[in-house]
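Work through the exercises below with the sequence and the 3D structure at hand, and try each task before you read its solution.

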Amino acid sequence: MRVAIVGGGMGGLTLARILHRHGIDATVYERDAGRSARAQGGSLDLHPESGQRALADAGLAGGFRAAARPEGEEHRILDPAGRTLVHHRPSPGSFSGRPEIDRSVLRDLLLDSLPGDTVAWRRQLVAATPRPAGGFDLAFADGHRAGCDVLVGADGARSVVRPLLTDARLSHVATVVELGISDAERRHPGVAELVGPGNLWCVGANRVLSAQRLGDGSIRVGISLRADDRPLTHYRSRRTLLELFDGWNPRLTALIEASDGPPLPRRIEAMPADARWAHRPGVTLVGDAAHLMPPVGEGANQAMLDAAELAAALAADPADPDRAIRAYEEAMFARIRPIAEMSARVQAMMLSPTAADDLVRFFTPRPSEPAPAT
C-alpha cells in the first residue's frame with residue numbers, strides 16, 4: 001500500500017508519523033522548499049481529547065510536554081476602555097488543560113520523528129488522475145510524477161485534492177490582519193506586560209484586537225473584522241488600522257503602534273458546517289481540506305485527530321484500505337459537524353456588536369460547571 005499525503009502541515013505530518021509507527025510507508029508531498037521556507041504562524045493550544053491524543057498515538061507525548069508552555073494557557077478579555085472582563089490563570093506547570101506550543105516547534109517535533117526521506121520538498125501537486133486499476137497518478141509543478149494506491153489531501157484551505165471528492169464552496173467569514181512585535185520584553189516592556197504569558201483579546205463592537213505571546217518572546221498581534229468587500233490592500237496601512245480603533249485605550253492600540261514590518265491582511269474562509277462527500281475509492285481528506293472552519297481553536301486539533309483516526313483505520317485493515325477510509329470518513333463527518341457549527345457560532349459572537357457581553361457569559365461558568373477553555 002503506497003500512501004501519498006499531499007501537504008506537510010500538522011495533519012499530514014501526524015498521519016505520516018502514525019502510519020510509520022504501524023510499519024506503513026507514506027510520502028508527504030510539500031510545496032515549500034524546506035522546513036524553514038516560511039513562517040508557520042502563532043501558537044496552538046492542544047486539546048487533550050484531540051491534538052494531545054494524536055501526539056500520544058504518534059509516540060510524541062513526551063516531546064510535546066518538553067516543548068509546550070502551560071503558562072501560555074493564561075488569557076484575558078478586555079473591553080475598549082482596557083477594563084478586564086475575564087482573566088483565566090492556569091495552575092502553574094499543569095498540563096491538565098490545553099497548554100500552548102508554537103506551530104513551528106510542533107512541526108519540527110513531527111518532522112524530526114520521521115525518516116529523512118518521508119517529506120518530498122518542492123512538490124506542488126497540480127493534478128491527480130485516477131488509474132483504471134485503482135490508485136492515482138500524481139503530477140507536480142516541477143514536472144515530477146509519482147503514483148500511489150491511497151491519496152490523502154492534507155493540503156489546507158485551497159486543497160488541490162478536494163475537488164476529486166466535493167465541490168463544496170468556501171465562504172468569506174472574516175478579515176484578519178496580522179502584525180508582529182519582536183523582542184517585546186526589551187523593546188516594548190509595557191506591551192509585554194499587557195499581553196502577559198498567554199493570550200489577550202480586546203473586544204469591541206464588530207472587531208477584536210488580539211495578542212499572543214510566542215515561545216521566543218515575540219508577540220503576534222491580530223485584528224479580526226467582519227467580512228466586507230474592501231480589497232485587502234485597504235488594511236495594509238497602519239494608520240488605517242489605528243483609525244479602526246479610534247477612541248480605544250492607548251495601552252491597547254500600542255499593540256499596533258509597536259508592531260514591526262507591514263500589516264499582513266488575509267481573508268478567513270470556511271466550508272459549510274454540513275459539508276461531506278460520497279466515498280470514492282483510494283482518496284480522502286484530513287484537516288482544513290476536509291472541513292475548513294473559522295480559526296477559533298479547533299482547526300489544528302481536529303486535523304491531528306483526523307490523522308490519528310485515519311492512520312488507525314488503515315493500520316487495522318491494511319488489506320482493504322477502501323473499507324478503512326469509508327469507516328474513517330463516516331466517523332469524521334459525525335464528529336466534525338457539531339464542532340464546525342460551534343466554531344461558526346463563536347466566530348459570529350466574537351465579531352458581533354455585543355461581543356464583550358456575550359464572551360463574558362460564555363466564559364462565566366454556571367454554578368455547577370467549570371469555565372470553558374479555549
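The exercises that follow concern a predicted model, and each task comes with a worked solution.

**Exercise 1. Two domains and what lies between them**

Find the bounds of domain 1 and domain 2, and then describe the interface of domain 1 and domain 2.

Solution. Begin with the domain assignment, which gives domain 1 as 3-70 + 97-170 + 272-351 and domain 2 as 172-270. Taken over C-alpha atoms, the centres of domain 1 and domain 2 are 29 Å apart.

Next, turn to the contacts, where 17 residues of domain 1 meet 21 residues of domain 2. The size of an interface is often given as the accessible area lost when the parts come together. For domain 1 and domain 2 this buried area is about 1400 Å², with 56% of it on carbon and sulfur atoms. Leu170, Met350 and Leu351 supply 39% of the area that domain 1 buries against domain 2, which is more than any other three residues supply.

Then consider the polar side of the interface, where five residue pairs are in polar contact across domain 1 and domain 2. Strand E6 (100-102) and H11 each supply at least two residues of the side of domain 1 that touches domain 2. The residues of that side of domain 1 divide into eight nonpolar, four polar and five charged. Finally, the count of salt bridges between domain 1 and domain 2 is one.

**Exercise 2. Glu329 in its surroundings**

Is Glu329 buried or exposed, and which residues does Glu329 touch, not counting those up to four places away in sequence?

Solution. First locate Glu329, which lies in helix H11 (residues 321-350). Its relative accessibility is 1%, and because buried means under 20%, Glu329 counts as buried.

With residues up to four places away in sequence left out, Glu329 touches Trp277, His279, Val283 and Thr284. One of these residues, Thr284, is joined to Glu329 by a polar contact of 2.7 Å between the side chains. As a last step, compare positions along the chain with positions in space: Glu329 and Glu309 are 20 residues apart along the chain, and their C-alpha atoms are separated by 9.5 Å.

**Exercise 3. Ser259 and its polar contacts**

Where is Ser259 placed, and with which side chain does the side chain of Ser259 make a polar contact?

Solution. Start from the secondary structure, which places Ser259 in the loop between helix H8 (250-257) and strand E16 (260-270). At 9% relative accessibility, Ser259 counts as buried, because the value is under 20%.

Leaving aside neighbours within four places in sequence, Ser259 is in contact with Leu179, Gly180, Ile181 and Arg238. The side chains of Ser259 and Arg238 are joined by a polar contact of 3.0 Å. In addition, a polar atom of the Ser259 side chain lies 2.7 Å from the backbone oxygen of Ile256.

**Exercise 4. Two residues with a positive phi**

In which loop does Arg122 lie, and in which loop is Asn206 found?

Solution. Take Arg122 to begin with, which lies in the loop between strand E7 (119-120) and strand E8 (125-130). Although Arg122 is not a glycine, it has a positive phi of about 60 degrees. Arg122 counts as exposed because its relative accessibility, 57%, is over 50%.

Asn206 is found in the loop between strand E13 (199-204) and strand E14 (207-213). Asn206 is not a glycine either, and yet it has a positive phi of about 70 degrees. With a relative accessible area of 21%, Asn206 is partly exposed.

Technical notes:
Residues are numbered from 1 along each chain as its sequence is written. This is a predicted model: local features need pLDDT of at least 70, side-chain atom pairs count only at pLDDT 80 or more; totals for chains, interfaces and linings use all residues. Side-chain values use heavy atoms; hydrogens and water are left out. Helices (H or I, at least four residues) and strands (E, at least two) are DSSP runs, numbered from the N terminus. Buried means under 20% relative accessible area, exposed over 50%, partly exposed in between (1.4 Å probe, protein chains only). Contact means heavy atoms within 4.5 Å. A polar contact is a pair of N or O atoms within 3.5 Å; within protein, one must be able to donate a hydrogen and the other to accept it, and residues adjacent in sequence count only if both atoms are side-chain atoms. Domain bounds come from an automatic or database domain assignment. Buried area is the accessible area (1.4 Å probe) that two parts lose on being put together, summed over both. A salt bridge is a side-chain nitrogen of Lys or Arg within 4 Å of a carboxyl oxygen of Asp or Glu. Ala, Val, Leu, Ile, Met, Phe, Trp, Tyr, Cys and Pro count as nonpolar, Asp, Glu, Lys and Arg as charged, and the others, Gly among them, as polar.
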